[in-house]
Amino acid sequence: MPTPSMEDYLERIYILIEDKGYARVSDIAEALEVHPSSVTKMVQKLDKSEYLIYERYRGLVLTAKGKKVGKRLVYRHELLEDFMRLIGVEEQHIYQDVEGIEHHLSWDAIDRIGDLVQFFQEDKKRIEELKHVQKKNEED
Ligand SMILES: [Mn+2]
């Protein structure tokens, strides 16, 4: 299992490769707001754990395992953002809240949250009912 920090890197690398076709150490450092030397260290660790293959002057490629995990991490982040938005969390809090919890939930919890998001999305009336409860609570 990747550590929370490894997960942050894998998630970001997966997104960079999706968007640009490659992920350079400098791009990863910029995206995660860390020093390039920290990126190099982590990339070597991810290479050792077989999430990617890193060659100093040729860049990095995700292995099948790295792609699979990266994809799930991006899905998890997006699902949790959808969940936060759905329950009415203010936009300005959503990203930081998701960053704060995403590494600390079991995949069981993620799947159950997925069910809940689906439950609400399948019938918009349910969202209206939730908003009604929230409005009532605000008035109390
Ligand atoms: Mn994230």
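## The metal site

Donors here are N, O and S atoms within 2.8 Å of the metal (3.2 Å for Na, K and Ca), and water is not among the atoms, so sites may look incomplete. In this predicted model, local features need pLDDT of at least 70 and side-chain atom pairs count only at pLDDT 80 or more, while totals for chains, interfaces and linings use all residues. Residues are numbered from 1 along each chain as its sequence is written, and side-chain values use heavy atoms, with hydrogens and water left out.

Along the chain, the manganese donors follow the spacing E-x65-H-x21-E-x2-E. They come from E11 (OE, listed twice), H77 (ND1), E99 (OE) and E102 (OE, listed twice), at 2.2 to 2.7 Å from the ion. E102 is buried, at 0% relative accessible area (buried is under 20%, exposed over 50%, partly exposed in between, with a 1.4 Å probe and protein chains only).

## Rings and charges

Now for the aromatics: F119 and F120 make an edge-to-face pair, 5.5 Å centre to centre with 85° between the planes. Rings of Phe, Tyr and Trp (its six-membered ring) pair if their centres lie within 6.5 Å; planes under 30 degrees apart are stacked, over 60 edge-to-face and the rest tilted. F119 is partly exposed at 41%, whereas F120 is buried at 11%.

F119 also has company from R126, whose charged end sits over the ring, 4.0 Å from its centre. That label needs NZ of Lys or CZ of Arg within 6 Å of the ring centre and within 35 degrees of the ring normal. Elsewhere, R72 lies over the face of W107, 4.0 Å from the ring centre.
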